[in-house]
Structure formats: structure tokens, C-alpha cells
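Visitor: I am new to this structure and should like to be guided through it. May we begin once it is in view?

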Amino acid sequence: MEKMLLAGETGVGKSDLIRTLSGLDFRSRRAMAVEFCGQFINTPGEFLENPRFYPALITSAADCTILALVQDATRKTSQFPPMFVPMFNRKVIGIVTRIEREGANRKLAERFLRNAGVKDIYFVSCETGVGLDALRELLHEPQD
Ligand SMILES: Nc1nc2c(ncn2[C@@H]2O[C@H](COP(=O)(O)OP(=O)(O)O)[C@@H](O)[C@H]2O)c(=O)[nH]1
Ligand SMILES: [Mg+2]
């Protein structure tokens, strides 16, 4: 079974994605802890927001088959540094959330993820459900 680790700033929609994709009643306790829920590994926003925690993120990623970098389409900034992806010896995808919101800027979100080195990007909304089927398929495909 594929295991997906989600990394992204606080409030971008990681917990919501886990709840929606797993169908489980996942509630993050907002502690500075890595949390496991079925196929998913949730990481605290702080792991990304403070470079001091990058090693923790790299260690956590060792347990997953897919690392998902989550970017909110309504944000004007991103904490993903340039060439972030090569730090991880894993399949890395980008997930852009909140695309149904007014003021969502997919192009900008995509640029942030591309700068970080992401190739495959999924555009989704947990609110409307759009784009989630592609992620569900990915979670069922064996990765090599
Ligand atoms: N409109 C909209 N709201 C979303 C979407 N995804 C997440 N949210 C909301 O954004 C807020 C923060 O999401 P959460 O999953 O707690 O973020 P986390 O800190 O990354 O785990 C919650 O109120 C979610 O309901 C989305 O695609 N569209
Ligand atoms: Mg959360």
C-alpha cells in the first residue's frame, strides 16, 4: 500500500486532505508531532516553516512512498525553498489546495512548486472534491 507524507505550511489543508482521502475522522492535535492515519503521514507545518526541522522532514519521508508538498492556491507566498525536492530520495508530487476559492492563483502556486523542483502537480479542492480522484488513483498505483 502506498504511504503518502504531507508537508506544507500550517493551514494549507493537510489534515483536510487526509480526512477527505482516507474517509477517516482524522483530527490533528496541532502538537509538534508527526501523525499517522491509515496511508497518510501528517507533518507539522513547523517542519517546513523552520529549516532547522528539515532533517526531521527528511527522516519522516523515509517511511513514505510518496511525498506530497501542499501549497494553498490563495497564498501569495510559499515556504518551499528552491530545489527542495532533490533533498528527498522519494517520489515527490505537488498538491495545490483551495482552487475553488475566489482569488485562487493556480499559476503562482504552480510556480512555487516548480521552483522547489516538483514535476507532477495535482490541483484540488477538498471543499468541492474536484481533483481528488486523481490523487485516489495515485494512492492505489504501486510506485517503483
Ligand atoms: N475552501 C477550501 N477550504 C479548505 C480546502 N482545504 C482545506 N480547507 C480549509 O482550510 C482550513 C485549514 O485546513 P487544515 O486541513 O486544518 O490545514 P493543515 O494545517 O495544513 O492541516 C480548514 O478550515 C479547512 O477546512 C479547500 O480545498 N477549499
Ligand atoms: Mg493539520
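Visitor: Which of the 14 residues around ligand 1 come nearest?
Guide: The model is a predicted one. In it, 14 residues surround ligand 1. Those that come nearest are Gly11, Lys14, Asp16, Arg98 and Glu100.

Visitor: How many residues of the shell around ligand 1 are charged?
Guide: The shell divides by class into two nonpolar residues, five polar residues and a further group. The number of charged residues in that group is seven.

Visitor: What is the distance from an oxygen atom of ligand 1 to a polar backbone atom of Asp16?
Guide: Polar contacts are counted within 3.5 Å. Val12 has a backbone N or O atom 3.3 Å from an oxygen atom of ligand 1, and Ser15 has a side-chain N or O atom 2.8 Å from an oxygen atom of the ligand. For the polar backbone atom of Asp16, the distance to a ligand oxygen atom is 2.7 Å.

Visitor: What share of the accessible area of ligand 1 does the protein cover?
Guide: On its own, ligand 1 has 590 Å² of accessible area. The share of this area covered by the protein is 75%.

Visitor: Is helix H1 roughly parallel or roughly perpendicular to helix H5?
Guide: Helix H1 spans residues 14-22 and helix H5 spans residues 132-140, and their axes lie 11 Å apart. The two pack at an angle of about 70°. Angles of 65 to 115 degrees count as roughly perpendicular, so H1 is to H5 roughly perpendicular.

Visitor: Which residues of H5 make the contact with H1?
Guide: The residues of this contact comprise five nonpolar, one polar and one charged. H1 contributes Leu17, Thr20 and Leu21. From H5 come Leu132, Leu135, Arg136 and Leu139.

Terms used:
Residues numbered from 1 in each chain as written. Chains lettered and ligands numbered in written order. Predicted model: local features only at pLDDT ≥ 70, side-chain atom pairs only at ≥ 80, totals over all residues. Heavy atoms only, no water. Near = heavy atom within 4 Å. Polar contact = N/O pair within 3.5 Å; in protein donor to acceptor, adjacent residues only side chain to side chain. Areas by Shrake-Rupley, 256 points an atom, 1.4 Å probe, with all protein chains shown as cover. Nonpolar A, V, L, I, M, F, W, Y, C, P; charged D, E, K, R; others polar. Axes fitted to C-alpha atoms, helices over the stretch in contact; angles between N-to-C directions. Helix = DSSP H or I, 4+ residues; strand = E, 2+ residues; numbered from the N terminus. Parallel < 35°, antiparallel > 145°, perpendicular 65-115°, else oblique. Contact = heavy atoms within 4.5 Å.
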